Amino acid sequence: MIIRKYVATDCKAISELFYNTVHCVNAKDYTHEQLNAWATGNIDLEKWDASFQAHCAVVAIEDDIIVGFGDIDSSGYLDRLYVHKNYQGKGIASAICDELEQSANAENFSTHASITAKPFFEKRGYSVLKKQQVEQNGILLTNYIMTKKEGHL
């Protein structure tokens with residue numbers, strides 16, 4: 001597996017990976033209605049690209065395809081972290097997270113973790129600050145505000 005910096009030409013493949021991962025991997029924790037609200041399949045690629053360009057963003061490549069991606073901003077907020085549905089459990093999310101946390105010049109890290117991702121972040125030393133309901137396209141989704149101090153890598 002190779003981890004490299006995000007480039008704009010990755011955006012379409014990443015948007016497809018996002019949709020498929022949410023609808024397959026997160027299906028055990030969210031309803032069909034919630035999954036459709038979360039990942040509609042209609043991502044504004046220009047907005048996503050601008051967001052990735054503004055953050056430290058990386059992609060993981062294996063078998064010549066993008067198998068995961070993530071991004072973190074300068075404050076240490078880990079915005080997105082997704083791994084291809086066929087590459088779960090292979091350490092890809094950990095490798096991406098390691099790269100992002102090392103790249104961010106932050107004392108603390110935070111994320112809004114899905115129900116599915118919460119155990120992954122807990123294993124990495126993140127703690128739940130708050131369980132919350134967020135509205136996405138008129139539908140409520142549960143997630144967790146989680147934080148970690150830099151020294152707990």
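This report describes the fold, the charged pairs and selected residues of a predicted model of one protein chain.

## Overall architecture

The chain contains 5 helices and 7 strands. Followed along the sequence, these elements occur in the order β-α-α-α-β-β-β-α-β-α-β-β. The C-alpha atoms occupy a box of roughly 40 × 35 × 30 Å along the principal axes. A compact globule of 153 residues would have a radius of gyration near 15 Å, and the chain agrees with this expectation because its own value is 15 Å.

Of the 153 residues, 44% count as buried. Among contacts between residues at least 6 apart in sequence, 62% join residues at least 24 apart. The chain exposes about 8,200 Å², and 47% of this area is supplied by carbon and sulfur atoms.

## Charged side chains and salt bridges

The chain carries 15 positive and 20 negative side chains. The centres of these two sets lie 6 Å apart. Side chains of opposite charge can pair when their charged atoms come close. With a cut-off of 4 Å between a side-chain nitrogen of Lys or Arg and a carboxyl oxygen of Asp or Glu, the count comes to 8 salt bridges. The table lists some of them, including the N to O distance of each pair.

| Acidic residue | Basic residue | N to O distance |
|---|---|---|
| Glutamate 16 | Lysine 12 | 2.9 Å |
| Aspartate 71 | Arginine 80 | 2.8 Å |
| Aspartate 98 | Arginine 124 | 2.8 Å |

The pair formed by glutamate 16 and lysine 12 is local in sequence: both residues lie in helix H1, which spans residues 11–25, and they are 4 residues apart, about one turn of the helix. Glutamate 16 counts as partly exposed because its relative accessibility is 40%, which falls between the limits of 20% and 50%.

The salt bridge between aspartate 71 and arginine 80 has a different setting in terms of burial, as shown by its two partners. Aspartate 71 has a relative accessible area of 0% and is therefore buried. Arginine 80, with a relative accessible area of 7%, is buried as well.

The side chains of arginine 124 and aspartate 98 also meet in a salt bridge. This pair links distant parts of the chain, 26 residues apart: arginine 124 belongs to the loop between helix H5 (118–123) and strand E6 (127–136), and aspartate 98 to helix H4 (residues 92–103). Arginine 124 is buried, at a relative accessible area of 14%, whereas aspartate 98 is partly exposed, at 34%. Both residues take part in a network of salt bridges that links Asp98, Glu101, Arg124 and Lys148.

## Positive phi angles in loops

Two residues other than glycine are described here for their positive phi values. For aspartate 64, phi is near 65°. This aspartate is located in the loop between strand E2 (56–62) and strand E3 (65–72). Its relative accessibility of 78% means that aspartate 64 counts as exposed.

For asparagine 137, phi is near 50°. Asparagine 137 sits in the loop between E6 and strand E7 (139–149). With a relative accessible area of 55%, asparagine 137 is likewise exposed, since the limit for that class is over 50%.

## Contacts between separated segments

Threonine 21 is a residue of helix H1. At 4% relative accessibility, threonine 21 counts as buried. Its C-alpha atom is 9.6 Å from that of glutamine 88, although the two residues are 67 apart in sequence. Leaving aside neighbours within four places in sequence, the contacts of threonine 21 are Asn26, Tyr82, Val83, His84, Lys85 and Gln88.

Isoleucine 115 is placed in the loop between strand E5 (108–114) and H5. Its relative accessibility is 26%, so isoleucine 115 counts as partly exposed. A distance of 8.1 Å separates the C-alpha atoms of isoleucine 115 and asparagine 26, which are 89 residues apart along the chain. Not counting residues up to four places away in sequence, isoleucine 115 touches Asp29, Tyr30, Thr142 and Tyr144.

How values were computed:
Residues numbered from 1 in each chain as written. Predicted model: local features only at pLDDT ≥ 70, side-chain atom pairs only at ≥ 80, totals over all residues. Heavy atoms only, no water. Buried < 20%, exposed > 50% of the residue type's maximum accessible area, 1.4 Å probe, protein only. Rg over C-alpha atoms; globule rule 2.2 N^0.38 Å. Contact = heavy atoms within 4.5 Å. Areas by Shrake-Rupley, 256 points an atom, 1.4 Å probe, with all protein chains shown as cover. Lys, Arg positive; Asp, Glu negative; His and termini not counted. Charge placed at Lys NZ, Arg CZ, Asp CG, Glu CD.
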